[in-house]
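Reader: I'd like a close look at one part of this model, the helices towards the end of the chain. Could you walk me through how they pack?

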Amino acid sequence: MFVALPSEAAIPQQTVTHNACWASISAGVLHIIALKSDGTLWAWGYNWAGQLGDGTNTNRWSPIQITGTCGDTVPPVVTVSAIPAPNTNGWNNTDVTVRFTCDDAGSGIASCPSPITVTTEGTGQIITGTAVDKAGNSASTFVTLNIDKTYPVITISGVSNGATYALGLAPTASYTVTDALSGVATSNASLTGGDGLGLGAFTYTVTASDNAGNTITVSAAYNVIATTDGLNSLIQQMLASGQIDNAGIANSLLSKVLNAADAAARGNVQASDNIMQAFINQVTAQSGQHISASAAAILINAATYIINN
């Protein structure tokens, strides 16, 4: 078979240059195959039978890269990282950026996944990325994300913010904590304020954290005052608990409280105050005897509040 050479092929030209980094060159009858030092395969010349290996029959007068070079059958290496990294419980409490790093020692990387920012909350979110090298080999990897950006929910029970209660009738503060995603990790409560004897302004504070590290604090502020109804209830509680160990003394104190309340209801404030002072005198006399010293201090403090208010 006779093949006519193009006119430009008859003119000598420098095709392979020093800066091309050629590792080896092999010449055929009318075409050339060359290997670069980076492992890529190149060819140029006549191509009527597809001898250049580019999948066409087009003649090439300058080097073209032949894909699938050097028999590269090794997949690329792709690694993944989550930024920021999860905490020790395996959770994030912010948006997470997933980054992929790709490398291929053979033909080189053709495509590597772009960073992905995950904003959706949820557990077990799988983010996958695939790298492809120039030989068409591919490799995939993934990372599993747990994202919880929502604070735990604290519910305070018993007391209400801004409320006023009577000593002896005041409810006991308590709380519950829930967290729908990562779950509750820790919680604690504290009660501060007051005069040390049960009266005054109090703040009940609850702090809770979930497993993702979201932390929230909720509080309820309330006041405790002394009233005759509350004092009546307080005496009965102390009798039941043994802080007052004599029922006769307890009944005598209850009688004084009721009489003071009746006098106040009639508008006779002075008589009410006198009765409460007699109450204080009796408690003082029984302090450390039939009434524990700590209980006596509370009763005297409450009675004094009633007289002054």
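Author: Let's start with the buried side of α4: Ala295, Ala296, Leu299, Asn301, Ala302, Ala303 and Ile306 are its buried residues. Bear in mind that this is a predicted model. Those buried residues of α4 pack against α1 (228–241) and α3. As for the helix itself, α4 covers residues 293–308, and at 1.5 Å a residue its 16 residues should span 22 Å; the end C-alpha atoms are 22 Å apart, so the two agree. A general point helps when reading lists like this one: an α-helix has 3.6 residues a turn, so residues three or four places apart point the same way.

Now for the α3 side. The axes of α3 and α4 are 10 Å apart and the helices pack at an angle of about 165°. Anything over 145 degrees counts as roughly antiparallel, and α3 and α4 are therefore roughly antiparallel to each other. Their crossing is left-handed. From α3 come Asp273, Met276, Gln277, Phe279, Ile280, Val283 and Thr284, and these meet Ala296, Leu299, Ile300, Ala303, Thr304, Ile306 and Ile307 of α4. Sorted by class, that α3–α4 contact has 10 nonpolar, 3 polar and 1 charged residues.

Then there's α1, where Thr228 is a handy residue to look at. Thr228 lies in helix α1 and, at 18% relative accessibility, it counts as buried because the cut-off is under 20%. Setting aside neighbours within four places in sequence, Thr228 is in contact with Val257, Ala261 and Ile306. Ile306 you've already met, as one of the buried residues of α4.

That leaves α2 (residues 247–265), which pairs with α3 (residues 269–286): the two axes come within 8 Å and cross at roughly 165°. So α2 and α3 are also roughly antiparallel to each other, and their crossing is left-handed. On the α2 side the contact includes Ile249, Leu253, Val257, Ala260 and Ala264, while on the α3 side Ile275, Met276, Phe279, Gln282 and Val283 are among the residues involved. Overall, the contact of α2 with α3 has 12 nonpolar, 5 polar and 1 charged residues.

It's worth tracing a few names across the pairs. Met276, Phe279 and Val283 of α3 take part in the contact with α2, and the contact with α4 has Met276, Phe279 and Val283 too. Likewise, Val257 belongs to the α2 side of the α2–α3 contact and is one of the residues that Thr228 touches.

Definitions and conventions:
Residues are numbered from 1 along each chain as its sequence is written. This is a predicted model: local features need pLDDT of at least 70, side-chain atom pairs count only at pLDDT 80 or more; totals for chains, interfaces and linings use all residues. Side-chain values use heavy atoms; hydrogens and water are left out. Axes are lines fitted to C-alpha atoms, for helices over the stretch in contact, and angles run from 0 to 180 degrees between N-to-C directions. Helices (H or I, at least four residues) and strands (E, at least two) are DSSP runs, numbered from the N terminus. Angles under 35 degrees count as roughly parallel, over 145 as roughly antiparallel, 65 to 115 as roughly perpendicular and the rest as oblique. A crossing is left-handed if the near helix is turned anticlockwise from the far one by less than a right angle, and right-handed if clockwise. Contact means heavy atoms within 4.5 Å. Ala, Val, Leu, Ile, Met, Phe, Trp, Tyr, Cys and Pro count as nonpolar, Asp, Glu, Lys and Arg as charged, and the others, Gly among them, as polar. The expected span of a helix is 1.5 Å times one less than its number of residues. Buried means under 20% relative accessible area, exposed over 50%, partly exposed in between (1.4 Å probe, protein chains only).
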